[in-house]
Amino acid sequence: MAERYSSFTAGGRLWLWQRITAAFLIVVLAFHFFLLHFVHHADEVTFGMSAGRMQTWSYYSLMVLFLVTATFHGVNGVYNALINAGLTGAKRRAVKAVLVLASVLLLVQGFRTANAWAGIDLLPIL
Amino acid sequence: MYEYDVIVVGAGGAGLRAAIAAQEAGANVAMVTKLHPVRSHTGAAEGGINAALREGDDWELHAYDTMKGADYLADAPAAEALTQESPEEVIQLEHWGMAFSRDDDGRVSQRPFGGLSFPRTTYAGAETGHHLLHTLYEQVVKRGIDVFDEWYVLNLAVSDEERPEDRTCHGVVAYETATGNVEAFTARDGVILATGGLGQVYDHTTNAVANTGDGVAMAYRAGVPAEDMEMIQFHPTTLPSTGVLISEGVRGEGGILYNDEGERFMFEHGYAKNDGELASRDVVSRAELTEVNEGRGIEDEYVHLDMRHLGEERILDRLENILHLAEDFEGVDGLEEPMPVKPGQHYAMGGIETDEFGRTCVDSLYAVGECACASVHGSNRLGGNALPELIVFGKRAGRHAAGDDLGDPQVPVGKEGDVEAGSLEPPVELGEPWGGDGGAVADGGAAATSAEAVVEGTLERERERVERLMDRDEGTQHADIRAAVQRTMTENVNVFREESALKEALVDIHAARQRYRDVYVADPSRTYNTDLIQTIETRNLLDIAEMITVGALAREEFRGAHWRKQYQERRDDEWLKHTMVSWSDGSPELWYKPVVLEGEEQTYEPKERSY
Amino acid sequence: MSTQRQQPETESEADSAETETAQERRLGEKRRRAEERERERVEAEERAAADAERYHLKVFRYDPEVEGKQEPRFDDFHVPYETGMTVLDALIYARDEFDASLTFRHSCRQAICGSDALFINGRQRLGCQTQLSDLDQPVRIEPLPHQEVVKDLVVDMEHFYDQMEAVEPYFQTTDRPDGELEEQRQSRENREKIKTSTRCIWCGACMSSCNIAAGDNEYLGPAAINKAYRFAMDEREGEDMKQRRLEIVEQEHGVWRCQTQFSCTEVCPKDIPLTEHIQELKREAVKSNLKFW
Amino acid sequence: MSQSYDRGLIEDFGRWREFSAGMWAWIFHKFTGWVLVGYLFTHVAVLSTALTSASADPATVAANQDLYTQTIRTLESLLVVRVLEVGLLAVAVFHILNGTRLLLIDLGIGLDSQDRSFYASLILTGAIVVASVPTFLAGVSL
Ligand SMILES: Cc1cc2nc3c(=O)[nH]c(=O)nc-3n(C[C@H](O)[C@H](O)[C@H](O)COP(=O)(O)OP(=O)(O)OC[C@H]3O[C@@H](n4cnc5c(N)ncnc54)[C@H](O)[C@@H]3O)c2cc1C
Ligand code: HEM
Ligand code: SF4
Ligand code: F3S
Ligand code: FES
């Protein structure tokens with residue numbers, strides 16, 4: 001029975017994660033849109049206000065989580081779509097590498113921005 | 001050239017079961033079939049499979065019902081083999097996963113069927129044949145048996161000794177539809193014909209377009225006698241516009257037939273005072289036509305089959321498929337209104353003469369399923385008795401061909417022993433005295449005896465035949481000839497038969513044969529040339545039509561499905577015998593052989609058949 | 001077929017090569033005649049078109065071997081209408097009366113053999129199950145999309161068969177009813193559960209309608225997954241076999257490929273709820289894998 | 001001997017006219033998903049101007065003269081950007097609604113009404129977008 005673990009192929013696991021992140025995103029994305037367009041208007045955005053929000057610990061962690069899930073969901077979605085279109089072999093590995101790299105860059109950049117607002121100076125290299 | 005131990009021609013229920021059995025008995029098997037296996041017409045069977053499975057029933061009762069239903073024209077050893085082995089085969093199918101309908105306790109359900117003394121018809125909804133066919137094909141896939149699908153078998157490679165009983169079948173020659181190549185298949189141990197029905201000789205039939213009796217015609221031209229060909233079953237409940245079958249299951253579950261005056265005529269006009277709608281098929285078909293002929297038909301064409309009183313739940317549970325058929329092919333909602341039905345050609349009781357192991361008189365040539373006549377159905381087949389025939393005789397023939405010893409057969413084949421010559425006064429010359437182009441095997445010529453030479457010779461002849469048909473460029477097209485044959489058969493050799501009409505049919509068939517001499521294939525392509533294949537099928541239909549009519553003209557009595565105007569009773573003293581037609585030098589020869597009524601434990605004494 | 005076959009020994013190649021040229025010449029002649037007939041057909045067709053009682057069909061034609069048909073084209077046929085006439089009836093009429101070379105698969109005429117799935121007025125349907133009166137004219141009849149065309153309306157089904165056979169579509173239990181006539185028990189509920197899935201007639205309509213199957217040749221496709229469902233859900237095969245079957249469908253090109261397009265379910269002539277079955281297998285697969293976490 | 005005719009992609013693409021609800025839903029979901037990832041990347045790129053603001057002189061920041069605030073303000077004052085934002089809203093709302101529809105289908109809910117739920121997603125998206133146009137275009141100088 002042990003080998004059954006391996007039967008849960010990447011395809012299946014990714015499929016499940018796509019759904020889980022989607023469920024999470026429904027809430028957060030709606031909240032995000034609502035907050036930044038209806039409660040506060042986008043044209044009124046200032047660095048100070050953003051920083052103010054980010055300095056609350058709960059908002060900060062929600063946004064970081066938002067970033068991570070959205071990145072995973074989006075990039076994984078793109079990857080799946082390409083596989084569905086019949087991407088295989090070396091091309092597929094290349095695409096995978098590019099997507100992973102792009103996600104990492106995005107995450108790092110997003111993370112640094114969030115930290116900038118929150119005034120956190122965790123890792124000065126970033 | 002392909003070489004195998006056993007070649008099975010046809011991949012319906014009978015062919016698939018034979019292939020599995022032969023493979024299990026150790027043979028290297030190939031199936032050659034003009035349709036992909038799942039497209040075979042076994043898939044259309046709706047009602048069920050008879051098997052004595054339960055307490056209170058046993059195979060002897062089933063054998064008795066079968067012999068009675070056959071109007072005693074069946075051979076008891078074959079009927080007993082059928083009824084004895086059917087339970088085991090049904091259980092085998094269940095173990096192979098067939099989706100039978102179930103009782104509350106999880107066992108296979110059984111329902112009553114016409115002519116049965118016990119509700120012993122196992123079924124899978126109203127799609128029993130579909131499930132049977134797919135289950136068997138699944139087992140063929142599992143075993144990795146080679147399947148050559150969309151290969152049309154043109155002819156058998158049979159040696160050409162003088163007497164058919166001395167001949168041997170060494171293989172077949174087939175045409176690959178996709179490419180137009182003609183290739184030979186050598187069979188080291190045996191060729192099993194399982195080519196199914198021949199309904200296409202009629203124009204109103206429940207049979208598929210592919211049911212053109214190829215196997216019967218090929219075996220016939222190779223010298224194997226055709227047995228009881230006049231015994232054609234007309235099913236009482238087919239949809240008028242297409243011939244699509246409404247299963248006997250509807251009547252089994254309690255469906256009722258009404259005429260235009262709203263009378264339940266089966267009882268009210270005394271056709272079957274005890275069993276009513278569940279009398280055997282020949283009885284019900286004649287009753288319906290009599291109603292129509294006497295002016296009580298609806299639109300002078302059909303009667304009504306009503307199942308509304310069964311209730312939606314029961315109908316959906318057991319007969320759902322019927323609702324779809326009535327809706328799609330006749331535009332009638334079976335839950336809301338009665339369904340129009342009329343008799344249509346359904347089944348050929350006769351066919352290639354075999355013993356109870358499926359062997360013909362030609363060595364190494366077997367036939368099983370509807371194309372064969374082991375003689376279990378005699379002059380009338382009971383509903384639900386064909387599917388068990390496929391699996392029981394399919395298995396037997398497969399094993400025998402692969403070399404298993406099954407003992408000595410009780411049913412004689414070929415002109416051995418007690419045969420009687422027949423005579424006929426046809427209004428025209430029969431057969432093809434000019435030599436035909438049917439690729440008759442026994443057409444004299446060089447005496448080829450080595451297997452290789454026989455196969456090579458047949459291959460050559462068939463390649464030539466195909467080239468000849470392809471070469472010819474004008475004349476008649478097969479569709480016209482086919483239509484002419486269907487017309488005359490439907491008009492003259494139908495449920496009610498009369499001497500003058502039968503003779504007229506022979507004249508028409510003769511004319512059609514003449515026209516076939518100028519047949520040409522219009523499609524010049526070698527890719528998927530269905531025009532060519534249908535032209536060759538039409539050649540087979542001509543022989544089939546003639547065999548049926550000859551048998552019908554010869555048999556001067558009324559037995560089972562065979563009704564003759566001048567002879568309104570069963571005449572056991574003279575006619576308790578099989579009608580045999582064999583191809584001899586290009587024309588049909590008529591003879592008779594006795595019926596075997598002695599079974600294992602009892603002799604089936606002919607009794608009055610009443611329902 | 002995916003099963004292996006013996007290769008034919010290359011006999012008679014040589015002598016068939018000799019006759020090739022003469023034969024080719026004759027066939028060439030025949031093709032020219034065929035073209036003549038073709039012209040006559042077109043003329044007859046024009047006359048028929050004037051008849052208002054006729055149904056107008058536009059039928060896809062292609063034949064790699066016949067000049068003029070190598071470039072795919074549409075032919076017009078005008079077929080006299082009778083009540084209850086199906087698309088298949090109309091095609092048969094057109095073939096028998098107008099053009100004997102019109103090629104299409106068909107056999108049972110009653111929606112059970114699955115031979116005649118066609119692309120009729122923009123949708124996959126069985127010719128024999130489709131009433132002409134339900135269609136707008138001209139009735140456009142094409143071979144199934146996403147499959148290679150062999151000739152006219154005939155497509156290559158090999159790939160479809162391969163996918164069907166890739167899911168081990170057969171009962172794996174090997175016990176046999178030797179002597180003792182006991183069937184395996186199956187509850188009515190369980191039979192009911194698999195009922196619709198067992199109806200598949202291998203027509204290929206679903207596979208042809210699925211864009212994912214078109215893009216990914218390795219995708220098992222709705223029919224094969226449904227076949228796997230039929231076995232996975234059959235309680236007679238037992239729990240271990242179910243796991244094995246789930247492993248088959250949850251492979252990379254299995255159920256996860258399905259993007260719930262629903263077109264398979266919409267076109268299936270046997271009304272099999274394919275998407276539902278695929279989705280249920282996805283959930284089953286996830287469930288059985290999560291159990292151990 | 002037997003050749004066959006591969007109808008190729010052109011013919012496949014030509015079939016969009018024959019698409020049914022589920023196929024359109026699939027296409028739209030794909031499209032909106034891709035737009036959203038694209039936006040995610042640009043969005044983060046724009047937002048990261050905040051990095052300079054964080055290290056900028058607090059006074060500039062307080063006066064809203066920092067790069068981040070300026071960038072956002074400039075962008076928000078452009079009509080195109082506002083219109084694009086409405087588009088983004090449409091895309092996001094559709095993706096959310098249809099995504100919810102898909103999640104339900106994955107759970108086996110509403111399989112029979114999948115076409116209706118798709119149309120409902122479309123209509124709802126339209127309604128939400130129209131309703132939020134005033135908010136989105138508020139204060140934009142033409
Ligand atoms: C509508 C209908 C309902 C029925 N219902 C019942 C029922 O409820 N119960 C019952 O017991 N019986 C029933 N029957 C009868 C029974 O179904 C048939 O007798 C039986 O299925 C025939 O099976 P078969 O294997 O002999 O032939 P088929 O299933 O017809 O198969 C014939 C095979 O031979 C192949 N073939 C034919 N010619 C050639 C050739 N020249 N070269 C290569 N291959 C060839 C075909 O491709 C096909 O694979 C019914 C019949 C019909 C028509
Ligand atoms: C807000 C709630 C969201 C929900 C409910 C949601 C739902 C889904 C679901 C269920 C899928 C899978 C479709 C399938 O495989 O059949 C998917 C795909 C996808 N999603 Fe989302 N999503 C959401 C937000 C986002 C966001 C914010 C992004 C962008 C970052 C995004 C980008 C994508 C992409 C690119 C795909 C792949 C599309 C394709 O198949 O080509 N989604 N979404
Ligand atoms: S699932 Fe339906 S559409 Fe697909 S092959 Fe089977 S019967 Fe045809
Ligand atoms: S059409 Fe294809 S995407 Fe899934 S629902 Fe059917 S298999
Ligand atoms: S002809 Fe058999 S399915 Fe249509």
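The expected span of a helix is 1.5 Å times one less than its number of residues. In this predicted model, that rule can be applied to helix α14 of chain B, which covers residues 530-554. For its 25 residues the expected span is 36 Å, and the end C-alpha atoms lie 36 Å apart, so the two values agree.

The surroundings of α14(B) can be described in the same way. A residue counts as buried when its relative accessible area is under 20%. In α14(B), 25 of the 25 residues meet this condition, and the helix is therefore largely enclosed by the rest of the structure. At its N-terminal end, α14(B) is capped by B:Asn529, which places a side-chain oxygen 3.1 Å from the backbone nitrogen of B:Asp531.

Chain A contains five helices and zero strands, giving the pattern α-α-α-α-α along the sequence. Of the 126 residues in chain A, 44% are buried.

One residue of chain A leads to a metal site. A:His73 and D:His95 both coordinate the iron atom of ligand 2, each through NE2, at 2.0 Å. A:His73 belongs to helix α4 of chain A (residues 57-84) and D:His95 to helix α6 of chain D (residues 79-106), so this pair of ligating residues joins two chains. Six donor atoms surround the iron atom, and the angles they subtend run from 82 to 179 degrees, which makes the arrangement octahedral. Ideal angles for six octahedral donors are 90 or 180 degrees. Both histidines fall under the 20% limit for burial: A:His73 is buried because its relative accessible area is 14%, and D:His95 is buried because its relative accessibility is 13%.

Chain C provides residues around two further ligands. Ligand 3 is surrounded by 13 residues, of which C:Cys200, C:Cys203, C:Gly204, C:Cys206 and C:Cys268 are the closest. By class, this shell holds 12 nonpolar residues, one polar residue and no charged residues. Cysteine counts as nonpolar in this division, and glycine as polar.

Ligand 4 also has 13 residues around it, and those that come nearest are C:Cys210, C:Cys258, C:Gln259, C:Ser263 and C:Cys264. Its shell divides into eight nonpolar and five polar residues, with no charged ones. Two helices of chain C, α9 (263-267) and α10 (274-290), each supply at least two residues of the shell around ligand 4.

How values were computed. Residues are numbered from 1 along each chain as its sequence is written. Chains are lettered from A and ligands numbered from 1 in the order in which they are written. This is a predicted model: local features need pLDDT of at least 70, side-chain atom pairs count only at pLDDT 80 or more; totals for chains, interfaces and linings use all residues. Side-chain values use heavy atoms; hydrogens and water are left out. Helices (H or I, at least four residues) and strands (E, at least two) are DSSP runs, numbered from the N terminus. Buried means under 20% relative accessible area, exposed over 50%, partly exposed in between (1.4 Å probe, protein chains only). A polar contact is a pair of N or O atoms within 3.5 Å; within protein, one must be able to donate a hydrogen and the other to accept it, and residues adjacent in sequence count only if both atoms are side-chain atoms. Donors are N, O and S atoms within 2.8 Å of the metal (3.2 Å for Na, K and Ca); water is not among the atoms, so sites may look incomplete. Four donors count as tetrahedral if all angles lie between 85 and 135 degrees; four count as square planar and six as octahedral if opposite donors are over 155 degrees apart and all others between 65 and 115; anything else is irregular. A residue is near a molecule or strand if one of its heavy atoms lies within 4 Å of it.
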